Amino acid sequence: MRCAPLSALALAVALAGCTSLPTPVMPADENDPATYADPAPIDSPPLEPVEPPLPAPTETPVKPPDPPPQTASSSQNATPPPVIVVAPPPAPPTEDEQMIALLADLQRFGTMQADELKRELSTALATFSRQHTDINRVRLAVLYTLVRQTPQDDQRALQLFDNVAKSAPPTSPIRHLAAVLQTQVIERQRAVHDEQQKADAAIQKLEALRAMERSLLRDRVRSGGGGGAAGAGGSGR
């Protein structure tokens, strides 16, 4: 009696299991176009043809020409070519350097004797004949004023100073130096002229005194000589 319910229960479970099983699906045929559709196309950039890199150009090395063969005698006698070095010409002295040299010469001239000054004057004349520069004009003019062989030397010096004043720039130091030296020469000439006038006036005064003295002597001689003659005549009587 107990076996009947158990069997019925097992049958019910079996039936329930049979009803819950899924319906088997048969695999689709691979050759059936309705079953399998084409996959969606994937957009992709077109493939560009890739060119292979060009080979790098190869340079063919140029072989230098072979030197001519040298014998033992030629290698011993061969001498390197002489190297000629040309020195650049010396730069001309600047205006400041010329002024310094001129001032040194003027200081040196003041310590020279008359014979040495005459030799310097001859050298300055020769230099000025070659180069008519303001420096040479001032040097020659100063030597003229120091030597003064003739009364015209001061006039020559003043003419040279005047030429420097006309040719040199207004701000040039050589022009200022020439103006100072010219003023000194003019002042010296004026002083000499004044002294000469004073000397002439003194000589004139001396001549006037001598003339007065001679006149007094003549008057005394005349007056003394007449009285002596009268006395001699009275004693004879």
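This is a short tour of one protein chain, with a suggestion at each stop for what to select. Keep in mind that the model is predicted.

**Stop 1: the whole chain**

Start with a cartoon view of everything. You should find seven helices and zero strands, so the cartoon follows the pattern α-α-α-α-α-α-α along the sequence. Now switch on the surface: the chain exposes about 19,900 Å², and carbon and sulfur atoms supply 62% of that area. Of the 237 residues, 16% are buried. Among contacts with a separation of 6 or more, 53% are between residues 24 or more positions apart.

**Stop 2: helices α4 and α5**

Select residues 114-130 for α4 and residues 134-147 for α5. How do these two helices run relative to each other? Their axes come within 9 Å and cross at roughly 150°; an angle over 145 degrees counts as roughly antiparallel, and α4 and α5 are therefore roughly antiparallel. Their crossing is left-handed.

Next, show side chains for the contact. On α4, pick L117, K118, E120, L121, A124, L125, T127 and F128; on α5, pick N136, R137, L140, L143, Y144, L146 and V147. Coloured by class, this contact shows ten nonpolar, two polar and three charged residues.

**Stop 3: helices α5 and α6**

Keep α5 and add residues 153-167, which form α6. Here the axes lie 8 Å apart, and the packing angle is about 160°. That makes α5 roughly antiparallel to α6. This crossing, too, is left-handed.

For the side chains, α5 brings D134, R137, V138, L140, A141, V142, Y144 and T145, while α6 brings D153, D154, R156, A157, L160, F161, N163, V164 and S167. By class, the α5 and α6 contact has nine nonpolar, three polar and five charged residues.

**Stop 4: A141**

Finish by zooming in on A141, which lies in α5. Is A141 buried or exposed? Its relative accessible area is 0%, so A141 is buried. To see some of its surroundings, select A157, L160 and F161: A141 touches these three, leaving aside residues up to four places away in sequence. All three also appear on the α6 side of the contact from the previous stop.

For a last distance check, draw a line from the C-alpha of A141 to the C-alpha of Q155. These two residues are 14 apart in sequence and 9.4 Å apart in space.

Key. Residues are numbered from 1 along each chain as its sequence is written. This is a predicted model: local features need pLDDT of at least 70, side-chain atom pairs count only at pLDDT 80 or more; totals for chains, interfaces and linings use all residues. Side-chain values use heavy atoms; hydrogens and water are left out. Axes are lines fitted to C-alpha atoms, for helices over the stretch in contact, and angles run from 0 to 180 degrees between N-to-C directions. Helices (H or I, at least four residues) and strands (E, at least two) are DSSP runs, numbered from the N terminus. Angles under 35 degrees count as roughly parallel, over 145 as roughly antiparallel, 65 to 115 as roughly perpendicular and the rest as oblique. A crossing is left-handed if the near helix is turned anticlockwise from the far one by less than a right angle, and right-handed if clockwise. Contact means heavy atoms within 4.5 Å. Ala, Val, Leu, Ile, Met, Phe, Trp, Tyr, Cys and Pro count as nonpolar, Asp, Glu, Lys and Arg as charged, and the others, Gly among them, as polar. Buried means under 20% relative accessible area, exposed over 50%, partly exposed in between (1.4 Å probe, protein chains only). Accessible areas come from the Shrake-Rupley method with a 1.4 Å probe; for residues, only the protein chains shown count as cover.
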